[in-house]
Amino acid sequence: MKKLCTFFTGILLTFTTNTIMAQEKTTKILVLIYSDNGGTYELAKEVAKGIESDQHVTAVVKQAKVSVNPKLKDIPVATVEELPTYDGIAFGSPVYFGNISTGMSEFLSKTTDLWTNHALEGMPATVFMSAGSGAGKELALQSFWNSLAVHGMVLVSNGIRGYENIDKNIPQGNSVLGTTSLASLKNTARPSESERYLAALQGKNFAKVASALKGTFSKTVTAKETKQLSINDVLNEKNIVLPTLPKSVGNYELFSRSGNLVFINQVSLKDGKILNAGKLGIDVNEEQVQEATKQTMLNIIAILKDAVGGDLNKVKKCVQLVGTFNTTADYTKHADLMNVASNLTVEIFGEKGKHTRNTGGAYSLPVGSSVSISAIFEVE
Ligand SMILES: Cc1cc2nc3c(=O)[nH]c(=O)nc-3n(C[C@H](O)[C@H](O)[C@H](O)COP(=O)(O)O)c2cc1C
């Protein structure tokens, strides 16, 4: 019996060790882009495909800032602080006047803390760009390299990799420093097949280098990063699960962003139905309205998460909450109901969750909801 136990324990240990080793082997690469018209994103998808052609490597495509282009609006936005957590970064940008684009430049200019902490030193980087005619494309690639060299990143070039296989009857964006696409030359779809091929090849080679260098540099996590992880930690620790996004049922958006302010209005929708619908004192009691208030606020925070590209650490402040409750005319304890929303917001965002507030009663609310909340947040 003892021998049998030892045998099974051995198998279990081998299995666990193998699983851990397999997990440790996974290399994670960030494909970080800025794009105006989507050309850079098209190249990024090919780079990511090339990276993931190695089954032990994953590619995460993120953008440097929120885009107004509908084609790009669902791509999550990267934080500066998350950069050191990867095993390599492939940077993509449009060419602007023989340089990197303003959007990418803005993002890089926020990385001085990482620089002074040597946080990206020794991490491999590669670059690709979408150009118009291609005028100054090598200057632009070179300028990208300049910034990354200052960080001490290991710059992975293309050389003439893949040159034999590209279509030489039309101009192509091949370059030894990184793949580009010549987007304004419209005699063929851009990125051209050859440019896509080169981008994928670049990704594949980059994955090989990143896997080889994995673990050879310290993934320094800055104090800011530790702080920024805390909202996810709070959600996990407090077992707060954000609902799936409700759908808009009319000619309006779930959120509207103006400058750094995000505006959101919600009722107590849960799984497509209104939770605890009706008038307080007639159809529902205070406890039920408080439950509906919590659901409404969770809906708002789920939408807010979408508005900040999936990263709630980008919320700088809850500016204001306005809660309206479906009550009888003589009801006065609206504040007790609204406290549920206020407390939840402070519980999640800490000091940043403190807000001004207004509450009120209404004769009726849309779709019979017992509560509706309007929220304004300031975000990065
Ligand atoms: C301000 C500005 C400057 C540009 N300068 C250049 C340039 O020097 N060389 C070039 O080939 N294209 C230039 N372009 C064109 C863009 O690089 C090209 O449209 C690119 O494909 C845009 O990438 P995207 O689709 O990812 O936004 C410039 C565009 C803008 C808006």
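This report covers the ligand shell, the nonpolar cores and one helix of a predicted model.

## Basis

The model is predicted: local features need pLDDT of at least 70, side-chain atom pairs count only at pLDDT 80 or more, and totals for chains, interfaces and linings use all residues. Residue numbers start from 1 along each chain as its sequence is written.

## Ligand shell

The ligand is surrounded by 20 residues, each with its C-beta atom, placed from the backbone, within 6 Å of the ligand. Asp36, Gly39, Thr40, Pro94 and Gly132 are the closest. Helix H2 (39–52), strand S3 (88–96) and strand S5 (124–131) each give two or more residues to this shell; helices (H or I, at least four residues) and strands (E, at least two) are DSSP runs, numbered from the N terminus. S3 gives the most, with three residues.

## Nonpolar cores

A nonpolar core is a set of buried Ala, Val, Leu, Ile, Met, Phe, Trp, Tyr and Cys residues joined through C-beta atoms within 7 Å; buried means that 20 or more other C-beta atoms lie within 10 Å of the residue's own, with C-beta atoms placed from the backbone. The largest core has 56 residues, of which Ile29, Val31, Val47 and Ile89 touch the most other members. Among the elements giving two or more residues to this core are strand S1 (27–33), H2, S3 and helix H6 (193–213). H6 gives the most, with eight residues.

A second, separate core of 37 residues includes Met297, Val315, Leu321 and Phe325.

## Helix H9

Helix H9 (residues 286–307) has 22 residues and should span 32 Å at 1.5 Å a residue, which agrees with the 31 Å between its end C-alpha atoms; the expected span is 1.5 Å times one less than the number of residues. Just after H9, Gly309 has a positive phi of about 65°.

Key
A residue is buried if 20 or more other C-beta atoms lie within 10 Å of its own, exposed if 12 or fewer, and partly exposed in between; C-beta atoms are placed from the backbone.
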